[in-house]
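Q: Please take a close look at one helix in this model. I would like to know what it packs against and what open space it borders.

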Amino acid sequence: MLNKNQFLQMLKEELKGLPEEEVQEILGDYQEHFDIGLSEGRSEKDIAMALGNPRVIAKELKANYFVNQANESFTLSHFFQALMATIGLGFFNLLFVLGPVLGLFGIIMGIGASGIALVFTGFYVLVMGVIHIQQLLLAIFLSLSFISAGLIITLLVYEGTRWLLKLIVRYLKWNLNIITNRRVQHENR
């Protein structure tokens, strides 16, 4: 059983990695929970028990913060912070978040590799056409076709990846909402 100071100290320790102003705002909110509970005649230990485990709360708050960061100002850094924080919430997230993400990245990498391979094939066909001069016109046509198709596929993969990463952030947010709601329902029983 934790008292108020132990609860807030543990929460503060677990919130490392967040900006200081964010940590102070969160600690202020939880301080307020204690103040309200104490004014209602509840003990610090009862309030701490009702709030839940500070480690779990901190993991959820960090995941929520990083997912919101990735949603508001998308960068690869924000994306990977959100992904890792969400995966860190539990074993099932390892399966239901990391599994689909790795599968989608595998598909993207395969399609991207085929686009790059088409570009190199186009250059190879052009070189072979120059070596075998009697087929030069055909080689130039095939070469341009392969290179164009490869560049189009590569550009589509690039744009598709950006869109997909933003979609994954929305999935992380949805997943986090489910976890948070489940914890709150469990604690309110």
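What follows is a walk around helix α4, contact by contact.

A: The model is predicted. The helix in focus is α4, residues 54–72.

Start with α1, which covers residues 4–14. α1 and α4 pack at an angle of about 40°. Their axes are 9 Å apart. That angle makes α1 oblique to α4. The crossing of the two is right-handed. From α1, the residues in contact are Phe7, Met10, Leu11 and Glu14. They meet Pro54, Arg55, Ile57, Ala58 and Lys62 of α4. By class, this contact holds six nonpolar and three charged residues, with no polar ones.

Next comes α5, residues 76–87. α4 and α5 pack at about 155°, with axes 8 Å apart. Angles over 145 degrees count as roughly antiparallel, so α4 is roughly antiparallel to α5. The crossing of this pair is left-handed. α4 brings Lys62, Ala63, Phe66, Val67, Gln69 and Ala70 to the contact. α5 answers with His78, Phe79, Gln81, Ala82, Ala85 and Thr86. Sorted by class, the contact of α4 with α5 has seven nonpolar, four polar and one charged residues. Lys62 takes part here, and Lys62 is also listed in the contact with α1.

Now follow α5 one step further. α5 also packs on α6, residues 91–131. The angle is about 145°, and the axes lie 8 Å apart. On the α5 side, the contact uses Phe79, Leu83, Thr86 and Ile87. On the α6 side are Asn93, Leu94, Val97, Leu98, Val101 and Phe105. Eight of these residues are nonpolar, two are polar and none is charged. Phe79 and Thr86 of α5 contact α6, and both residues also contact α4.

Last, the open space. α4 gives the most to the lining of the second largest pocket, with eight residues. That pocket encloses about 350 Å³. Its lining has 17 residues in total. Nearest the pocket centre are Ile26, Glu60, Leu61, Asn64 and Tyr65. Elements giving two or more residues to the lining are α2 (20–39), α4 and α7 (136–187). The lining is mixed by class: six nonpolar, six polar and five charged residues.

To recap, α4 packs obliquely with α1 and roughly antiparallel to α5. α4 also lines the second largest pocket with eight residues.

Methods. Residues are numbered from 1 along each chain as its sequence is written. This is a predicted model: local features need pLDDT of at least 70, side-chain atom pairs count only at pLDDT 80 or more; totals for chains, interfaces and linings use all residues. Side-chain values use heavy atoms; hydrogens and water are left out. On a 1 Å grid over the protein atoms alone, a cavity is a set of points where a 1.4 Å probe fits but cannot get out, and a pocket is an open set with protein on both sides within 12 Å along at least five of seven lines; lining residues have an atom within 4 Å of a point. Grid points are joined across faces, edges and corners, and a volume is the space filled by probe spheres set on the points. Helices (H or I, at least four residues) and strands (E, at least two) are DSSP runs, numbered from the N terminus. Ala, Val, Leu, Ile, Met, Phe, Trp, Tyr, Cys and Pro count as nonpolar, Asp, Glu, Lys and Arg as charged, and the others, Gly among them, as polar. Axes are lines fitted to C-alpha atoms, for helices over the stretch in contact, and angles run from 0 to 180 degrees between N-to-C directions. Angles under 35 degrees count as roughly parallel, over 145 as roughly antiparallel, 65 to 115 as roughly perpendicular and the rest as oblique. A crossing is left-handed if the near helix is turned anticlockwise from the far one by less than a right angle, and right-handed if clockwise. Contact means heavy atoms within 4.5 Å.
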